[in-house]
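Visitor: I would like a close look at a single part of this protein, with its neighbours explained as we go. Could you take me through one strand and the elements around it?

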Amino acid sequence: MTRRHQVRTLAALGLGAPLLVGLGIGGFSQAVATTAAPPAQDVPAAVAAPAERTGSEEDTAGEATAAPSDVFTTGSQEFARADRSTITAEDVASQLYGYAADPSLSDEAICTDGLALDQPGAVTRCTVTGWSGEQETYYGYMAPAGVAEADYWLYFSKDAPLPEEAAATLNDGLNGTGAYPVWGEEQEQSITLSGDVAVERANFVLDGFGREDLTVTSVEGEVDLTSTTPVRGTAVEDGSGRTVGVTLLPIPTDGEAPAMMISIDGP
C-alpha cells in the first residue's frame with residue numbers, strides 16, 4: 001500500500017472534495033473518506049529524491065525524535081461558509097484521501113479531529129487503511145492562507161508529527177502561508193540553498209502562490225530542502241515599503257520536486 005501514487009505538492013489546487021461517510025469508532029466520531037481520488041495535475045519536473053528521512057532527528061535537548069518520512073500540502077482551500085473558520089474531521093480526511101489513498105484498493109482515510117484557524121499548533125492524527133489492512137499514519141495541520149482568494153491550507157506529515165518549531169511556523173494566529181515548488185523545470189537544482197539563492201527561490205515561491213506584492217530581501221542563513229527546519233527572513237511590501245518578517249519552511253516531498261512554504265508575519 002505504501003506510496004500508491006506520487007503525492008504532488010500542488011495537485012490539490014482547484015479540486016473539489018470527495019464525498020464522505022461518517023462512522024462512529026471506539027466511542028467517538030471519526031471521519032472516513034471512501035471516494036475516487038482526484039486526478040493529479042502537472043507540476044515542475046521532479047529532482048532526485050532527497051535522502052530518506054525515516055530515521056530520527058536531534059531535538060533541542062539532544063534526544064532522538066522521529067522524523068516525518070514525507071511532508072506535503074493539499075493546497076489553497078476555502079471554507080464552505082464565509083462565517084466559518086473551522087473544518088471537520090471529515091473535511092480533513094477527504095483532502096488527505098485524494099493524495100494518499102487508492103480507491104481501486106478499497107482504501108479509506110480517517111481523522112480523529114477537525115481543525116480551526118484560531119487554534120494555532122493544533123494537529124489531527126489520520127490513518128489511511130488499505131484493502132489488506134495495512135495502515136499509514138499522517139498528521140494534519142491547518143494554516144491561514146496568505147492570499148485573499150483563499151482561506152486556509154492543509155499540511156500533512158507522514159509517520160511522525162512535524163517538529164515543534166516547524167509546526168509553530170504554520171500558524172501563529174496572525175500570519176498567512178502558501179507553498180510552491182522551489183525550482184522551475186529548466187533550472188539548475190540543489191538541495192542546500194545559500195542565503196542569496198534562498199532569497200531568489202523564496203521570491204519564486206511567493207510569486208507562485210500569488211504574493212507578487214512582497215519581495216524577500218534577506219534570509220538568515222542556508223536553507224536545507226531535505227529537512228523541516230524553518231529559516232527566518234525579511235520581505236518588503238511593494239508600494240508601501242513596509243518591512244515584513246517571513247519564515248521559510250522546506251517541504252521535503254517524497255520523490256517529487258522539493259517545495260517551500262513561506263509564512264508571512266501579520267498583520
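Guide: What follows is a walk through strand β10 and the parts that connect to it, set within the whole predicted model.

To place the strand first, the protein has three helices and 18 strands, and of its 267 residues 50% count as buried. Among contacts between residues at least 6 apart in sequence, 61% join residues that are at least 24 apart. The protein exposes about 11,900 Å², of which carbon and sulfur atoms supply 49%.

Against that background, β10 is mostly covered, since nine of its ten residues are buried. Strands of a sheet pair through backbone hydrogen bonds, in either a parallel or an antiparallel sense. On one hand β10 pairs with β9, residues 124-129, in the antiparallel sense over six bridges, and within this pairing cysteine 126 has tyrosine 138 of β10 as its bridge partner. The two strands form a hairpin with five residues between them, and glycine 133 in the turn has a positive phi of about 95°. On the other hand β10 pairs with β11, again in the antiparallel sense, over seven bridges; here the bridge partner of proline 144 is tyrosine 152 in β11.

The residue that faces tyrosine 138 as its bridge partner, cysteine 126, also takes part in a covalent link. The structure holds one disulfide, formed by cysteine 111 and cysteine 126 with their sulfur atoms 2.1 Å apart. With 110° about the S-S bond, this link is right-handed. Cysteine 111 lies in strand β7, residues 108-111, and cysteine 126 lies in β9, so the pair ties together parts that are 15 residues apart in sequence. Both cysteine 111 and cysteine 126 are buried.

From the strand we can turn to the nonpolar cores. The largest of them has 40 residues, and Val223, Met260 and Ile262 touch the most other members. The elements that give two or more residues to this core include β10 (135-144) and β11 (152-158), together with helices α2 (164-170) and α3 (195-208) and strands β14 (214-219), β16 (231-237), β17 (243-251) and β18 (259-264). A second, separate core of 22 residues includes Ile87, Ala100, Met142 and Tyr152; tyrosine 152 is the residue already met as the bridge partner of proline 144.

Several of the strands that contribute to the largest core along with β10, among them β14, β16, β17 and β18, belong to an open sheet of five strands in the order β12-β18-β17-β16-β14, with antiparallel pairing. In that sheet β12 (176-181) and β14 stand at the edges with a single partner strand each, so one side of each is left without a neighbour in the sheet. Neighbouring strands of the sheet are turned by 35° against each other on average, direction ignored. Within the sheet, β17 and β18 run antiparallel and are joined by six bridges, and leucine 249 stands opposite methionine 261 in β18. Helix α3 lies across β12, β14, β17 and β18, and runs at about 160° to β14.

Returning to the strand you asked about, β10 is thus described by its two antiparallel pairings, with β9 and with β11, by the burial of nine of its ten residues, and by its share in the largest nonpolar core.

Notes:
Residues are numbered from 1 along each chain as its sequence is written. This is a predicted model: local features need pLDDT of at least 70, side-chain atom pairs count only at pLDDT 80 or more; totals for chains, interfaces and linings use all residues. Side-chain values use heavy atoms; hydrogens and water are left out. Helices (H or I, at least four residues) and strands (E, at least two) are DSSP runs, numbered from the N terminus. Buried means under 20% relative accessible area, exposed over 50%, partly exposed in between (1.4 Å probe, protein chains only). Contact means heavy atoms within 4.5 Å. Accessible areas come from the Shrake-Rupley method with a 1.4 Å probe; for residues, only the protein chains shown count as cover. A nonpolar core is a set of buried Ala, Val, Leu, Ile, Met, Phe, Trp, Tyr and Cys residues joined through side-chain atoms within 4.5 Å. Two strands pair if DSSP finds at least two bridges between them. Axes are lines fitted to C-alpha atoms, for helices over the stretch in contact, and angles run from 0 to 180 degrees between N-to-C directions. A disulfide is a pair of cysteine sulfur atoms within 2.5 Å.
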